[in-house]
Each structure stands twice: as C-alpha cells, then as structure tokens.
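Colleague: Got a minute to go through this model with me?
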Amino acid sequence: MQIHALMLADSAQAVDGKLYVLGGAWNMLRFPEFPAGLMVGIAVAIDVEWTETNQRHHLEIHFEDADGNAMDPRIGADFEAGRPPGSIAGAELRIVLAVNGPLSIPSPGQYAAVASVGDQELARARFQAISAPRAN
C-alpha cells in the first residue's frame with residue numbers, strides 16, 4: 001500500500017473516486033500574529049495492492065511540529081478497497097478521501113501533515129508558517 005497523493009489545500013472533496021481541490025499544494029502560510037488558525041483541506045489518494053483488498057485498513061493523519069511533537073487534530077478513517085466486477089486481477093485499486101477542518105498553528109516554524117496506515121508512515125506534506133504583516 002502506498003500514498004499516491006497527500007495534499008494540503010484550502011478545501012478538498014472526494015466524489016466518485018476523484019479529488020476536487022481548491023487552493024491546493026501550498027507549503028507556506030503567512031500570518032500577522034500567532035497563535036494562528038485556518039481551515040485546512042486534506043486530500044488523500046491511497047493505492048491499495050490487490051492482496052490488500054477486501055480487508056479493513058485504518059488511515060490516520062496527524063500534524064507535527066518541527067520537533068516531531070504531535071498536534072491536534074488527529075484524523076482517523078477506516079477504509080476497505082473492494083474488488084469491483086471486471087477489475088484486472090493483480091491491479092492496484094485507488095481510494096480517495098478528503099476532510100476539511102480547523103487547524104491551529106501555535107508559532108512560526110516548520111510543520112507537517114503525516115499520513116499512516118496501520119503503524120506505517122506512508123507520506124508527509126511539509127509546510128512552514130511565517131510571520132508577515134497584513135497587506136493594506
């Protein structure tokens with residue numbers, strides 16, 4: 001199993017096996033003061049090996065600061081990739097998920113969204129938060 005995509009965005013949706021992303025792939029946030037808050041969308045595409053289909057898996061996404069300390073929110077989702085009729089034996093199946101919610105950034109620095117399935121880390125989306133005055 002591998003993460004095909006882990007993207008941070010302003011908003012994300014998963015509909016009919018596709019990800020719809022608005023304001024995606026950012027890696028720098030600018031805030032006039034800290035702590036700062038924002039609404040974040042998280043888009044995930046998971047490639048599930050044929051031998052891992054038809055069984056439940058658990059995805060966890062959490063945020064970390066530069067020292068590796070976990071931050072809220074922690075997001076968990078169970079998923080199962082079923083083998084659809086007519087699928088080619090041995091082919092990977094892709095699962096897409098999206099979630100939107102608040103994120104609090106305590107101070108300027110480096111951060112990451114970390115995606116794991118089971119106990120195995122599969123992807124990181126790194127970003128930085130910097131102090132910047134408001135534009136007039």
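Modeller: Sure, here is a quick run through the fold and then the surface.
Modeller: It's a predicted model, so to speak plainly: local features need pLDDT of at least 70, side-chain atom pairs count only at pLDDT 80 or more, and totals for chains, interfaces and linings use all residues. Residues are numbered from 1 along each chain as its sequence is written, and side-chain values use heavy atoms, with hydrogens and water left out.

Colleague: How many helices and strands in the chain?
Modeller: Zero helices and nine strands, going by DSSP runs numbered from the N terminus (helices are H or I, at least four residues; strands are E, at least two).

Colleague: What's the strand order in the open sheet?
Modeller: The order is 2-1-4-7, four strands with antiparallel pairing; a pair needs at least two DSSP bridges.

Colleague: And which strands stand at the edges?
Modeller: Strand 2 (18–24) and strand 7 (93–105); each has a single partner strand, so one side of each lacks a neighbour in the sheet.

Colleague: How many bridges join strand 1 to strand 4?
Modeller: Seven, between residues 2–15 and residues 36–48, running antiparallel. Leu8, for one, has Ile42 in strand 4 as its bridge partner.

Colleague: Switching topic, what share of the residues is buried?
Modeller: 36% of the 136 residues, where buried means under 20% relative accessible area (1.4 Å probe, protein chains only).

Colleague: What does the C-alpha trace span?
Modeller: About 55 × 30 × 15 Å along the principal axes of the chain.

Definitions and conventions. Buried < 20%, exposed > 50% of the residue type's maximum accessible area, 1.4 Å probe, protein only.
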